[in-house]
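Student: I would like a close look at a single part of this model. Please take one helix and walk me through its side chains, its contacts and its packing.

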Amino acid sequence: MDSSVVSISRSSLLLRGLVNVIFGAIVFSWPGLTVYLLVILFAINIIVIGAMELFKPFVQKNTNHAILTFLLGLLGMVVGFYLLGRPELTVEVLSLVIAFWAVLFGISDLFVGFADSKTSGGYRFLFVIVGILSLMFGGYLIFYPVAT
């Protein structure tokens, strides 16, 4: 059973790396368009999630927190439209979301690299290196969100 967890982690690391390389190539090819598209998609995502939460009490009649769910949905839609109208702020928010995501994955990779004694040395070293790089990237984004 432990070997399946390790193989999932290895394939997960490989898949994440491949997706990040492809994403990086796209970003370097069209940086302005990529940032603009991410800003638009991020704001639209918040609007859609807010709309879903807004109408949830009407669909699920037996919810205990209908008013709170409705208000949070309304707040999500307002925030989404605000971010859609303020793309520079959306870039900052999106940059911080990516930064915290990178930090969490860095901590996770370091944990796998140091704590999983069943993984071979080469893979453990790879997890440690990826974890350190992810923490450095996340830290840089946290301290310089607009510059990135």
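**A close look at helix α2**

Tutor: Start with E53, which lies in helix α2. Keep in mind that this is a predicted model. E53 has a relative accessibility of 28%, so it counts as partly exposed. The reason is the cut-offs: buried means under 20%, exposed means over 50%, and partly exposed is in between.

What does E53 touch, not counting residues up to four places away in sequence? The list is T69, F70 and G73. Compare that with a C-alpha distance: E53 and L83 are 30 residues apart along the chain, and their C-alpha atoms are separated by 18 Å.

Now the charge on E53. Side chains of opposite charge can pair when their charged atoms come close. The side chain of E53 forms a salt bridge with that of K56, at 3.7 Å from N to O. Why about one helical turn between them? E53 and K56 are 3 residues apart in helix α2, and that spacing separates them by about one helical turn. K56 is partly exposed too, because its relative accessible area is 34%.

How many salt bridges does a search of the whole structure find? It finds 2. Besides the E53 pair, R86 forms a salt bridge with E88, where the closest N and O atoms are 3.0 Å apart. R86 has 34% relative accessibility and so counts as partly exposed. E88 has a relative accessible area of 47%, which means that E88 is partly exposed.

Next, the nonpolar side of the story. F55 also has its place in helix α2. Its relative accessibility is 48%, so F55 counts as partly exposed. F55 belongs to a nonpolar surface patch of about 820 Å². The other members are F58, V59, I67, F70, L71, L74 and V78. Which elements give two or more residues to this patch? They are α2 (31-59) and α3 (66-85). The largest share, 5 residues, comes from α3. F70 links two parts of this account: F70 is a patch member, and E53 touches F70.

Move along α2 to L38, which lies in that helix. At 31% relative accessibility, L38 counts as partly exposed, because the value falls between the cut-offs of 20% and 50%. L38 is in contact with F23 and L94, leaving aside its neighbours within four places in sequence. Its C-alpha atom is separated by 8.3 Å from that of V91, although L38 and V91 are 53 residues apart along the chain.

L38 is one of the α2 residues that meet α4. From α2 come V35, L38, V39 and F42. From α4 come P87, T90, V91, V93, L94 and V97. How are the two helices set against each other? Helix α4 covers residues 87-115. Its axis is 9 Å from that of α2, and the two pack at an angle of about 85 degrees. α2 and α4 are therefore roughly perpendicular to each other. The reason is that 65 to 115 degrees counts as roughly perpendicular.

Finish on the α4 side with T90, which lies in that helix. Is T90 buried or exposed? Its relative accessibility is 0%, so T90 counts as buried. Leaving aside neighbours within four places in sequence, T90 is in contact with V39, F42, L83 and L84. V39 and F42 are among the α2 residues that meet α4.

To recap: α2 holds the E53–K56 salt bridge, gives residues to the nonpolar patch, and packs against α4 at about 85 degrees.

Methods. Residues are numbered from 1 along each chain as its sequence is written. This is a predicted model: local features need pLDDT of at least 70, side-chain atom pairs count only at pLDDT 80 or more; totals for chains, interfaces and linings use all residues. Side-chain values use heavy atoms; hydrogens and water are left out. Patches are made of residues with over 30% relative accessible area and no salt bridge: like charges are joined within 9 Å, nonpolar side chains (Val, Leu, Ile, Met, Phe, Trp, Tyr) within 5 Å. Accessible areas come from the Shrake-Rupley method with a 1.4 Å probe; for residues, only the protein chains shown count as cover. A salt bridge is a side-chain nitrogen of Lys or Arg within 4 Å of a carboxyl oxygen of Asp or Glu. Helices (H or I, at least four residues) and strands (E, at least two) are DSSP runs, numbered from the N terminus. Buried means under 20% relative accessible area, exposed over 50%, partly exposed in between (1.4 Å probe, protein chains only). Axes are lines fitted to C-alpha atoms, for helices over the stretch in contact, and angles run from 0 to 180 degrees between N-to-C directions. Angles under 35 degrees count as roughly parallel, over 145 as roughly antiparallel, 65 to 115 as roughly perpendicular and the rest as oblique. Contact means heavy atoms within 4.5 Å.
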